[in-house]
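These are my notebook entries on a structure that I went through place by place. The sequence and the model come before the entries.

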Amino acid sequence: MKNSLVTGPVSQYREMPGRRRRALKFTRSILISCGVLLSLSACAVGLQASPAEGENFSYAWLKGYARNLATQAYVSHKGELPDNLKHLDWDDYQQLHFKKKAALWRNDDVNFRVELFHLGLYFDTPVQMYELRDGKASPIKYSSAMFDYGKSKVDGKALPKDLGFAGFRMQFHTDWERDVIAFLGASYFRAVGQEMQYGLSARGLAVDTAMDHPEEFPMFTDFWLEHPQNNSDVTTVYALMDSPSVTGAYRFDIQPGAKLKIKVDAAIYPRKTIERLGVAPLTSMYMVGENDRRTDYDWRPEIHDSDGLAMHTGNGEWIWRPLNNPAELRFNAYSDDNPKGFGLLQRDRNFDHYQDDGVFYEKRPSLWIEPTSNWGKGSVQLVEIPTLDETFDNIVAFWNPAQPVAAGQELLFSYNMYWGGIPPEQSPKARVVDTFTGIGGVIGKKRPYYSKRFVVDFAGGSLPMLSKDTDVKAVISVSRGRTEIESARPLHAIDGYRAMFDLVPSDDSTDPINIRLYLEADGQPLSETWLYQWNPPPKDQRQLHNAGHLK
């Protein structure tokens, strides 16, 4: 495993101001994390990117189109919309509603319907939409009759006939009111499992995240929505991606359920060298939790869409890395070869731990990425950005291939995405259920020096079957400093074990210390591997908190 720290600007914003998202209906909650587009670089839109008359649409055709587009100069269509849409404020944009009666496939005997998002506010690059039937692509043309403009002062009838759209969302036959998936802004999309609660987002691709220059946000400029088969629970969406650095062709086979599954095929065509390519990128929020209370001024005990990064490595190791809200930007790369899976999870699903009856963090979906092709060597990369507010998406995770990315290449990636409370695949060994941190030392004794206490609870696997005579050990390693007061003992409340130790920094440095821990008995691992990164505070902030009566 390789861990490193870098600092630099990363443009990741959630557009919903303050707590106003509580008041919005679920069907509009897709907008929460799309405000990253405030800092988008120029984006392109394909103009009538459809096969020639008489030629059938296919994924092979789309790949060829994207490959050819990558040989041409990038053309931006950002801002190609009337001024009255560009200058909408948040309240006005919320007045623009797609009419249910105009939903695509509403009158067809199929299990899906599609509603479209209106352009405006942050969404100022027209997206072209097509319907596919029997291999033939037909443009879905904008009409003001599709929308209700409410009190926005927008005169829909005065808008151009070829305006285009901002994106789309889908409903499934089990609930025609609430979405199961939505695509809106750059290459962002979100989906839900049986909890029907939006949370973290995914992207088609990330380019140069957490670098010392601005991040680039490739955009899905065109979508082809394939008419579903009667009684089928799968629908297919194709997308064309374009940006200054890269083009791409995507196929999404979407299957709603207890865990919504998306089968993704992606063909990526770089226009130029890309320093950091992010495949299957995930974006989430972590503000405060049981292990990191840096921003503990809110009354709620925990505030996060995801609480950890899970990895199933190519050699079969299961890893759990709790998320943090650091004081400075953190970047970590976890090297691997042909990974079996990774994802940002919301393991803690207990309402009592959040106490938020407005946005229901305990219902937020986890998202698991399962490669279905050989991804080769590379690393799962994790970016953690400081935040003082929960409306800021500050967590990014993605796969970065080790192979250099240069113009003229074709990069092919296939993977499954699973959205829902519990991933389809988990470690058969004991899993981390809690991570707590605090000051070290022995209760009732004066602390002679500073140390940090770490408490890691494990449950599941074979732990409930262990006899009381089993000698369970916590295997701990740190990159700097020393550990003391180590223990591993039964925790009957969860039929598991609690590992505990103090970490004493070896110097006054605030550089990160990487920690690794797992449980074993008789030399055999009993648990997944817990990874953590801790930055010791500056020397003048290493308070001992000794009570006056202690000697």
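**Entry 1: Asp348 and its surroundings**

I looked up the contacts of Asp348 in this predicted model. Leaving aside neighbours within four places in sequence, I found Asp348 in contact with Glu290, Glu302, Asp307, His353, Tyr354 and Glu362. I placed Asp348 in the loop between strand S21 (341–345) and strand S22 (366–371). I then asked which side chain of opposite charge is nearest to Asp348. I found Arg349, at 8.2 Å; Asp348 is buried yet has no salt bridge.

**Entry 2: Strand S21**

I turned to the strand that precedes this loop. I noted that 5 of the 5 residues of S21 are buried, so S21 is largely enclosed by the rest of the structure. I recalled that side chains in a regular strand alternate between the two faces of the sheet. On one side of S21 I listed Gly341, Gly343 and Leu345, and on the other Phe342 and Leu344; all are buried, and both faces are thus covered.

I next looked up the pairing of S21. Strand S18 (residues 308–312) pairs with S21 in the antiparallel sense, over 5 bridges. Within that part of the record I noted Leu345 of S21 as the bridge partner of Gly308. S22 also pairs with S21 in the antiparallel sense, over 3 bridges. Here I found Gly343 opposite Trp368 in S22.

**Entry 3: Positive phi values**

I recalled that most residues other than glycine have a negative phi. I therefore noted two residues that depart from this rule. Ala280 has a positive phi of about 50 degrees although it is not a glycine. I located Ala280 in strand S15 (residues 277–284). Its relative accessible area is 2%, so I entered Ala280 as buried.

Phe360 has a positive phi as well, near 55 degrees. I found Phe360 in the loop between S21 and S22, the loop that also holds Asp348. With a relative accessible area of 26%, Phe360 is partly exposed.

**Entry 4: Pocket and cavities**

I looked up the empty space next. For the largest pocket I noted a volume of about 780 Å³. There are 29 residues in its lining, and those closest to the centre are Arg294, Trp534, Asn535, Pro536 and Pro537. Strand S26 (431–439) and strand S33 (529–534) each supply at least two residues of this lining.

How many cavities of 30 Å³ or more does a search of the whole structure find? I recorded 5. The second largest cavity holds about 120 Å³ of space. I counted 15 lining residues for the second largest cavity, and closest to its centre are Glu290, Asp307, Trp320, Val433 and Thr435. I noted that Glu290 and Asp307 are also among the contacts of Asp348. Strand S19 (318–322) and S26 each supply at least two residues of the lining of the second largest cavity. The largest share, 4 residues, comes from S26.

**Entry 5: Leu116**

I closed with Leu116, which lies in strand S2 (residues 112–117). Is Leu116 buried or exposed? At 7% relative accessibility, I entered Leu116 as buried. Not counting residues up to four places away in sequence, Leu116 touches Phe98, Met129, Ile140, Met146, Phe147, Phe165, Gly167 and Phe168. I also looked up the separation of Leu116 and Gln533: 417 residues in sequence and 42 Å in space, C-alpha to C-alpha.

Notes:
Residues numbered from 1 in each chain as written. Predicted model: local features only at pLDDT ≥ 70, side-chain atom pairs only at ≥ 80, totals over all residues. Heavy atoms only, no water. Buried < 20%, exposed > 50% of the residue type's maximum accessible area, 1.4 Å probe, protein only. Lys, Arg positive; Asp, Glu negative; His and termini not counted. Salt bridge = Lys/Arg side-chain N within 4 Å of Asp/Glu carboxyl O. Contact = heavy atoms within 4.5 Å. Pairing = 2+ DSSP bridges. 1 Å grid on protein atoms, 1.4 Å probe; cavity = no way out; pocket = protein on both sides within 12 Å on 5 of 7 lines; lining within 4 Å. Points joined across faces, edges and corners; volume = space filled by probe spheres on them.
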